[in-house]
Amino acid sequence: MNKLYFIETWGCQMNEEDSEKLSGMLINLGYISSKKREDADIIIFNTCCVRENAELKVYGNLGELKALKRKKPDLKIAVCGCMMQQSSMAQKLIKRYPFVDIIFGTHNAYKFPEYLNRCIQEEKSIIEIFHKEEKIVEGIPVDRLSSVKAFVTIMYGCNNFCTYCIVPFVRGRERSRTPKNIINEINDLASKGYKEITLLGQNVNSYGKDLSEKVSFASLLETIAQIDGILRIRFMTSHPKDLTDDLIDVISRNSKIVNQIHLPVQSGSTNILKKMNRGYTREQYLNLIHKIKDKIPDVAITTDIIIGFPGETEEDVLDTISLCIEVKFDSAFTFIYSKREGTVAYNYHDDVSDEIKHYRFNRLIKVLDEISLSNNEKCLNGEFDILVEGPSKNDESRLMGRTEGGKLVNFSGTEDMIGKLVKVKITDVRAHSLIGEIL
């Protein structure tokens, strides 16, 4: 009892929610969260394998724990998450870092308390990876990082098999939670004072296709929008090939569903999109954007873009840049292509040098920053309803929150405003944030 734990998380929002569940399970066991790694009795690294850089961070951080483990022999070290689901990764890791005590994957994270107990009682390492997804386990305790907004996973896995993506191999095939379990969780969050929820799935537009009852993502959203107490509903991620007219209509007529859609394009080149197995062309993506903007004029569109995919030409990059200029993305997550063993693209011939990839990446970033700043300048002197999330990360004497479109706003205010909607006038803009004052 009263032992300390520390969790470090790499990766997407799904990983963040997994860590909230690990934290919830540990609190149920009597553990207390520690802000400092060196004070903890158990350290958990929740890993990502979508990009090589995330894996390298894991290796570097594990290396740093060797001396701490020697100093504190009773310290337990656990490694879990997507990285562990890769073939033979657990064996490679334990061989390289034999002081790791527990290794498990994404499909069996719910069994962590059992693994921890066995490790302590039997005084031996536990390595257990389920290589096949199982049924969805409900009722896992969750320690939410925020008291204002919460992640709610509506489905797991992915069936798309984009040639660059490792997710279907480490998260499994698509499995939807039942509407009843999702609604019950959100009702519980509303009763506890949560104001905003973000529905999570690798491709939320595929929700319900595997369920026996007839339910779509659009119909689920409409049901959730009726829940009292929840002020804002967000979701990610949407796959462009599966975004339906029904979904656009539901967003346009429900004020609680924010006018923001995260719609990963990955490339503006039809040639590259085909190699990526994305299932749409440049023209189809642009037509979808125009359809969305016609129905939801003030919509904010955000995206993901990969630069340096095998075989990428200068013309392909120019296609991506021109698409960004046409769409005017409010923000974008941008990545240099990272080769992932097990994917189709792993065997593609890559004839683009790292120097050229970085040059193209920097050009894209410059254009995106200019677009984002231009979009934000249109907000100057505008008045927006901001859901106050808490202290600003850059200046704890100030507050921060977001517009309906997801734009980050920093402003002066009082602690009792956290969790409330406040009217803020924008007084200054940056490329990636806004400055305001409460009216």
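## The β18–β19 hairpin and its neighbour

In β19, Leu 434 is the bridge partner of Val 429. This pair belongs to a predicted model, in which strand β18 (residues 421-429) and strand β19 (residues 434-438) pair in the antiparallel sense over five bridges. The connection between β18 and β19 is a hairpin of four residues.

Strand β18 also pairs with β15 (383-391): five bridges join β15 to β18, and these strands run antiparallel. Within that pairing, Phe 384 stands opposite Val 424 in β18.

## The second largest pocket

Phe 384 appears again in the description of a pocket. The second largest pocket holds about 600 Å³ of space. Its lining consists of 25 residues, and those nearest its centre are Asp 298, Phe 384, Thr 403, Glu 404 and Gly 405.

Two strands, β13 (300-307) and β15 (383-391), each supply at least two residues of the lining of this second largest pocket. The most comes from β15, which gives three residues to the lining.

## The six-stranded parallel sheet

Another part of the model contains an open sheet of six strands, arranged in the order β2-β1-β3-β4-β5-β6 with parallel pairing. Strands β2 and β6 stand at the edges and have a single partner strand each, so one side of each is left without a neighbour in the sheet.

Several pairings within this sheet can be described residue by residue. Strand β1 (residues 4-9) is joined to strand β2 (residues 32-33) by two bridges, and the two run parallel. Here Leu 4 stands opposite Ile 32 in β2. Between these strands the chain passes from β1 through helix α1 (residues 13-28) to β2, a β-α-β crossover that is right-handed. Strand β1 is also joined to strand β3 (residues 42-47), by five bridges and again in parallel; Tyr 5 has Ile 42 in β3 as its bridge partner. Strand β3 in turn pairs with β4 in the parallel sense over six bridges, and Ile 44 stands opposite Ala 78 in β4.

## Helix α3 and its two faces

Which residues of helix α3 (residues 89-96) are buried? They are Met 89, Ala 90, Leu 93 and Ile 94. Seen down the axis of α3, these buried residues fall within an arc of 125°, so they line one face of the helix. The spacing along the chain fits a general rule: an α-helix has 3.6 residues a turn, so residues three or four places apart point the same way.

The face of α3 turned away from the buried side carries the exposed residues Lys 95 and Arg 96. The buried residues, by contrast, are covered by elements that include α2 (52-71), β4 (76-81), β5 (102-104) and β6 (126-128). Strands β4, β5 and β6 in this cover are also members of the open six-stranded sheet.

## Enclosed cavities

How many cavities of 30 Å³ or more does a search of the whole structure find? The search finds two. The largest cavity has a volume of about 300 Å³.

A set of 16 residues lines the largest cavity, and Thr 106, His 107, Tyr 110, Ile 140 and Tyr 156 lie nearest its centre. Helix α1 contributes the largest share of this lining, namely three residues. Helix α1 is also the helix through which the chain crosses from β1 to β2.

Notes
Residues are numbered from 1 along each chain as its sequence is written. This is a predicted model: local features need pLDDT of at least 70, side-chain atom pairs count only at pLDDT 80 or more; totals for chains, interfaces and linings use all residues. Side-chain values use heavy atoms; hydrogens and water are left out. Buried means under 20% relative accessible area, exposed over 50%, partly exposed in between (1.4 Å probe, protein chains only). The arc is that of the directions from the helix axis to the C-beta atoms. Contact means heavy atoms within 4.5 Å. Two strands pair if DSSP finds at least two bridges between them. A crossover is right-handed if, with the strands pointing away from the viewer, the path from the first strand over the helix to the second runs clockwise. On a 1 Å grid over the protein atoms alone, a cavity is a set of points where a 1.4 Å probe fits but cannot get out, and a pocket is an open set with protein on both sides within 12 Å along at least five of seven lines; lining residues have an atom within 4 Å of a point. Grid points are joined across faces, edges and corners, and a volume is the space filled by probe spheres set on the points.
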